[in-house]
Each structure stands twice: as C-alpha cells, then as structure tokens.
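Here are my notes on this model, kept short. Please read them with the coordinates open.

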Amino acid sequence: MLVNTARFVISSPEVGKCPTTNKHEYAFIGRSNVGKSSLINMLLGQKDLAKTSSKPGKTALINHFLVNDSWYVVDLPGYGYASRGKEDRIIFDKMIRSYILEREQMTNLFLLIDSRHKPQKIDLEFMDWLGENGVPFSIVFTKLDKLSMTAGKNNTALYLEELLARWEELPPVFMTSSEDKRGRDEILNYIEEMNKLPLLMDSKE
Ligand code: GTP
Ligand code: MG
C-alpha cells in the first residue's frame, strides 16, 4: 500500500475525548523508548509527524493521524517508564488500557518489543492481559539495525520460543527498523488487508 497523505489530527487525554470516526484505526504500544513514534514516522514517510525523543516518556497523549483520508494511526504513550511518579504511572496505565478496551475502531494493536532485549516481565504480563481481554494484536520487533543479522535472528527467535512456552500460537510478527525502513511494506500490506474487513462497532454514531 502506498501512503499518499498523512496528517496529524488531534491529541486526546483520554479515550472518551478521542475523535468520533467510522474508520479503521491501528494503535502502537510498548515500553517507553521502544520506538513507537519513530516507527509511525517511518511507516507514514514523514520524519517529524509523531514526536520522538531519546529520553523515555515523550508521548503523553493519545495521538491520532489520518492516513490517505481513510484510516487512522494512533501513537500511544509508553508503559513502564520507571522515572514517572507512581501517580503518573497509574494515570498513563489507565489511559492506555481504557483506550485499548473501549476504542471500537481499533482494528489491531501493534505491540513493539526492542529486539535487543530478552523477554521482560512487564511485556509478557501486558501480552497476557491482551490475550485475556481478546485484544487483536501483533508483535513488532524494533531497532533491528542495532544488531548484526545473526544476532537479530537469534534474539528474536529466542524471544518467540519463550512466548510459545506460554501460548499455543503466536500472533503475526514483524521485524523492523525505523533507521533502514525494514518491515515497512509488510506492516502496510497487513494494514491494507485489515482495512478490507468491515469495521464492527456496537454504537453507530
Ligand atoms: P515514548 O513516546 O517515550 O514512549 O517513546 P517511543 O516508543 O515513542 O520511542 P521514540 O520513537 O521516541 O524513540 C526512542 C529513541 O529510540 C529515539 O532516540 C529514536 O531515535 C530511537 N529509535 C527508535 N527506533 C529506532 C530504530 O529502529 N533504530 C535505531 N537505531 N534507533 C531507533
Ligand atoms: Mg512516543
């Protein structure tokens, strides 16, 4: 799929304030600093559309971007940012989780995992929570440019092996780098396929 246009629409502090739409929406989640905003810029072909930072905790709202006037990308705040105060962490956690559970337009959640790290408790627990709640999601390994080809393959294979020890099957998996644009076509094609499915929403607005 080609991305012809992509523009920022709005930042919302909670799911109830997100725009009323009847279009497919794809959200990106993962630990702070894993590369969500960078991946969105890479996918949409614009360097500074989503705000990125080398310091974790950059994205603090639910950000909607409209693509080709026909579907949305949503950049979410990261979870697990230890330097945030406890109160803040609870607020962000609630923002993220209620968006995921309540946003009917959200067709698929892309869960980002840093390809350099071993499975972390916080991500595994988050995936368990997604499974328990029947949230459709895919796994996106990020920052593969920071590893050699062999290390990238080995690390991600070990990661998936650990997941298979917990679950019977794996969700779709994407290997990406926002630096060298790896994985871009695969994710855009996947979205294109999902865009063809009818959008199921309880409350017609
Ligand atoms: P929060 O909004 O704080 O949750 O972070 P985020 O997940 O949106 O991460 P962001 O895209 O802001 O990227 C964090 C840092 O990682 C930045 O310094 C990026 O330049 C860097 N980064 C992101 N993706 C890649 C990648 O694929 N390769 C490399 N080498 N660096 C990356
Ligand atoms: Mg971000």
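1. D69 is exposed, because its relative accessibility of 52% lies over the 50% cut-off. The model is predicted, so this value is computed from predicted coordinates. D69 belongs to the loop that links β3 (62-67) to β4 (71-75).

2. The backbone at D69 deserves a look. Its phi is near 55°, a positive value in a residue other than glycine. Most residues other than glycine have a negative phi.

3. K143 also has a positive phi, about 60°, and is not a glycine. Its loop runs between β6 (137-142) and α4 (149-166). Is K143 buried or exposed? K143 is buried, because its relative accessible area of 19% is under the 20% cut-off.

4. K143 also meets the ligand. An N or O atom of the K143 side chain is 3.1 Å from an oxygen atom of ligand 1. The side chain of T59 places an N or O atom 2.8 Å from an oxygen atom of ligand 1. For D145, the partner is a nitrogen atom of ligand 1, which is 2.7 Å from a side-chain N or O atom. The protein covers 88% of the 660 Å² of accessible area that ligand 1 has on its own.

5. Where does ligand 1 sit? Ligand 1 occupies the largest pocket. Around ligand 1 there are 22 residues, of which K36, S38, G57, D145 and S178 come nearest. By class, the shell holds 13 polar, 7 charged and 2 nonpolar residues.

Notes:
Residues are numbered from 1 along each chain as its sequence is written. Chains are lettered from A and ligands numbered from 1 in the order in which they are written. This is a predicted model: local features need pLDDT of at least 70, side-chain atom pairs count only at pLDDT 80 or more; totals for chains, interfaces and linings use all residues. Side-chain values use heavy atoms; hydrogens and water are left out. A residue is near a molecule or strand if one of its heavy atoms lies within 4 Å of it. A polar contact is a pair of N or O atoms within 3.5 Å; within protein, one must be able to donate a hydrogen and the other to accept it, and residues adjacent in sequence count only if both atoms are side-chain atoms. Accessible areas come from the Shrake-Rupley method with a 1.4 Å probe; for residues, only the protein chains shown count as cover. On a 1 Å grid over the protein atoms alone, a cavity is a set of points where a 1.4 Å probe fits but cannot get out, and a pocket is an open set with protein on both sides within 12 Å along at least five of seven lines; lining residues have an atom within 4 Å of a point. A molecule sits in a cavity or pocket if more than half of its atoms lie within 2 Å of its grid points. Ala, Val, Leu, Ile, Met, Phe, Trp, Tyr, Cys and Pro count as nonpolar, Asp, Glu, Lys and Arg as charged, and the others, Gly among them, as polar. Helices (H or I, at least four residues) and strands (E, at least two) are DSSP runs, numbered from the N terminus. Buried means under 20% relative accessible area, exposed over 50%, partly exposed in between (1.4 Å probe, protein chains only).
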